[in-house]
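Here is a short guided tour to read alongside the model. Have the sequence and the 3D view open, and let's walk through the sheets, the helices that pack on them and the place where the chains meet.

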Number of protein chains: 2
Amino acid sequence: MPKYHRVVIIGVGLLGGSIGLALRQTGLARQVVGVGRSADSLQLAKARGAVDLIETQLQAACADADMVIIGTPVQSIAQLVIQSCQTRLAEDCVVTDVGSTKATITAQLGDAQHQRFCGSHPMAGSEKTGVAYATADLFQGRRTIVTPVKQTSPRVLEKTEEFWGLLGSIVTRMDPIEHDHAVASISHLPHVVAAALSAATPTQLIDLAGTGWSDTTRVAAGDVELWRQIISENRQPLLQSLRHYATSLDQWIQAIEHNDQARLVELLTAGKHNRDSLASQDV
Amino acid sequence: MPKYHRVVIIGVGLLGGSIGLALRQTGLARQVVGVGRSADSLQLAKARGAVDLIETQLQAACADADMVIIGTPVQSIAQLVIQSCQTRLAEDCVVTDVGSTKATITAQLGDAQHQRFCGSHPMAGSEKTGVAYATADLFQGRRTIVTPVKQTSPRVLEKTEEFWGLLGSIVTRMDPIEHDHAVASISHLPHVVAAALSAATPTQLIDLAGTGWSDTTRVAAGDVELWRQIISENRQPLLQSLRHYATSLDQWIQAIEHNDQARLVELLTAGKHNRDSLASQDV
C-alpha cells in the first residue's frame, strides 16, 4: 500500500522532478501532482513520469494532499508555504521545501505554518536545472538537512525526516541559522569561487582547459537567477566565508611572493588533507 | 610495422604510464622501456602492460632509442633532458617531456639539446598520481601544447607533434613563456583556488559536502610535491593570475556587501558564460 495518498510538488525542476520520479518508481505515492508556472516544464515532468497529474491552481492541487514539497527558487518559498497552508490539505499533511537557504524563509512564517511546515535542504543537485535532468536516485546516500525551529510540531519534524529517509537520504537536523552558516561555507562559497575563477579566465584560453579547470568551475554553469536569490538570501554568512577565503588566498600570494617552500607545502597539505577526508564518501 | 623501434619513458607515472599503454595497445612501438627510481612503480607499470622492459640505468635504457619521453616532476626534467642527450640514442631520436611548466626548463638547455628536444604538455591528467591510474585513452581528444624555441630543430618539432597526434591528442604550438602564462591561468590558478577552498572549509562541515564542494575542490587532492614544484617553477605568471583573481573576488565581496543585485547578475553571468563555452567540449 502506498505510504502517501497525494503528494504535491510545487515547482517540478531538477529536485522536485527527482522527488516525483523516486516516489513513483518506488510506489510510495498513490498520486503525484505537479504544480508550476511553466506549462512546458509540467508537460515534460509528466512525459518523464515524474508526476501523474498536472495542476496550475494551488488550491485544486493541494486538496486532500498529505505531503507538499516546494521546489521553487528560494525567494518564493515562504509565500508558497503560507499559501499552501491556506488550502484544504489532509489533516496530517506535512509541507516542506528543498531550498538552499533557511533563516529568511523561517523568519517569514508564523505559528499557523509551523504546525505544518519543516524546512529541508537535500545536499544533492547539479549545475544542470530542469526536470530534464531529474533522476530517481538523486537523493540516494546523500545528506538532507532538516531545519526545525522550536515552534515546529514534533509530528511534522518526524514525518519530514521519514520522507527523506524513504528517498534514501541521510538526515541531519540543524537550526536554520546554523544551516545557513554551514551552507555558506560548503555550498555558496564554492559557487562564488568557481564563478569568479571562470569569469577571470581569458576566453581564448578556455580551449586549453583540462579536467582541472573543468571540475573547479563546473558549478559556475548553474542558473543565474537561482543563484542570485540564494546569495541574496544568505548575504551575511556568505560574506563571512568569502572574507575568510580571501585571507587564505592572500596567504598563498605571500608564500609564492616570498618563495617560501615550507609554507607552500603547508598550504598544499592542508588543502589535500581536507579533500582526502571526503574521498571515502566521494561523489 | 611499428612506428617506433624503442621508446623510453623516464618516470612511469600517470602520464608516462598512459603513454606506454597507448603505444603498446596500438602497436605503435616495438618496445617500450620504463626507467625510474621507484622499483614498485616500474614493476606495476610492467604488470599493467605499460612497458615491456624495465631499466634502472638511463644509459642502458636509451641505447638505440628513437623516442624518449620524460614523465618526472618538473624540477628534474631539464637535467634528465641533458643526461638523455648524452646517451647513445638512435640518430633520429626525439626527446620530449610532459611537464606542466616550460620556460625554466627550456632556459636550462643549450644547442646540443635543442637538436633533440622539444617540450610538450598534454592537458590531461587527474588529481590521482601513479601508473595505477594510467589509461590508454588519456590523451584521446585532449589538447597537447608543444613548446618549440627558435633553436629547436624543425625535424624534432615535426616528430614531436606527430607523436601526440598518434596518441589521439590535438596539438597546439606555443612559445614556452606564452605557455607558462596560459597554464598559470587555466591550470595552476585553479589548483591554488581549489586547495585554498578545501583548506578554508571547517573540517566538521565536509560531511555535508555535495557535488559542488566536491567538484570545486577535486584537484586539491593532487600530489603535494608535484604541485610545490610546478608552483615554484611558475611563480611570476601564477602570482599575476592570483592577484587578478583576488581582485575579482573583491568585486563579489563589494557586490554582496552593497546588496547590488544588478552587479551580482553581471558577475554570475560572466562566470556562466565562460563555463558554458566549454560545455560542447565537456570533459
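## The sheet in chain A

A:V7 has A:M67 in β4(A) as its bridge partner. That pair is a good place to begin in this predicted model. The two strands around it are β1 (residues 7-10) and β4 (residues 67-70) of chain A, which run parallel and are joined by 4 bridges.

Step back and these strands turn out to belong to an open sheet of 5 strands in chain A, ordered β3-β2-β1-β4-β5, with parallel pairing. Which strands stand at the edges? They are β3 (53-55) and β5 (94-97) of chain A; each has a single partner strand, so one side of each is left without a neighbour in the sheet. From one strand to the next, the twist averages 20°.

## Helices on that sheet

Two helices of chain A are worth picking out here. Helix α4 (residues 77-85) of chain A packs on the sheet and touches β1, β4 and β5 of chain A. The direction of α4 makes about 160° with that of β4(A).

Helix α7 (residues 154-166) of chain A lies across β4 and β5 of chain A. Its angle to β5(A) is about 55°.

## A sheet in chain B

Now turn to chain B, where 3 strands form an open sheet in the order β6-β7-β8, and the pairing is mixed. The edge strands are β6 (119-122) and β8 (170-173) of chain B, each of which pairs on one side only. On average, neighbouring strands of this sheet are turned by 25° against each other, with direction ignored.

How many bridges join β7 to β8 in chain B? Strand β7 (residues 143-147) of chain B runs parallel to β8(B), and 4 bridges hold the pairing. One bridge partnership to look for is that of B:I145 with B:T172 in β8(B). Helix α8 (residues 176-200) of chain B lies across β6 and β7 of chain B, at about 145° to β7(B).

## Where the chains meet

Next comes the contact between the chains, to which chain B and chain A each give 79 residues. The area buried between chain B and chain A is about 7600 Å², and carbon and sulfur atoms give 65% of that. In chain B, the residues that lose the most area to chain A are B:I186, B:L208 and B:R275, together 9% of what that side buries.

There are 34 residue pairs in polar contact across the interface of chain B and chain A, counting pairs with both residues at pLDDT 80 or more. On the side of chain B that touches chain A, the elements giving two or more residues are β7, α8, α9 (211-217), α10 (224-233), α11 (235-257) and α12 (261-278) of chain B. Which of them gives the most? That is α8(B), with 15 residues. Sorted by kind, the residues on this side of chain B are 42 nonpolar, 24 polar and 13 charged.

## Salt bridges

Over all chains, a search of the whole structure finds 26 salt bridges. Across the interface of chain B and chain A, the rule finds 6. In one salt bridge, the side chains of B:D207 and A:R143 meet at 3.0 Å, N to O.

The side chains of A:E257 and B:R243 also meet in a salt bridge, at 2.5 Å, N to O. This pair crosses between chains, from A:E257 in helix α11 (residues 235-257) of chain A to B:R243 in helix α11 of chain B.

How values were computed
Residues are numbered from 1 along each chain as its sequence is written. Chains are lettered from A and ligands numbered from 1 in the order in which they are written. This is a predicted model: local features need pLDDT of at least 70, side-chain atom pairs count only at pLDDT 80 or more; totals for chains, interfaces and linings use all residues. Side-chain values use heavy atoms; hydrogens and water are left out. Two strands pair if DSSP finds at least two bridges between them. Axes are lines fitted to C-alpha atoms, for helices over the stretch in contact, and angles run from 0 to 180 degrees between N-to-C directions. Contact means heavy atoms within 4.5 Å. Buried area is the accessible area (1.4 Å probe) that two parts lose on being put together, summed over both. A salt bridge is a side-chain nitrogen of Lys or Arg within 4 Å of a carboxyl oxygen of Asp or Glu. A polar contact is a pair of N or O atoms within 3.5 Å; within protein, one must be able to donate a hydrogen and the other to accept it, and residues adjacent in sequence count only if both atoms are side-chain atoms. Ala, Val, Leu, Ile, Met, Phe, Trp, Tyr, Cys and Pro count as nonpolar, Asp, Glu, Lys and Arg as charged, and the others, Gly among them, as polar.
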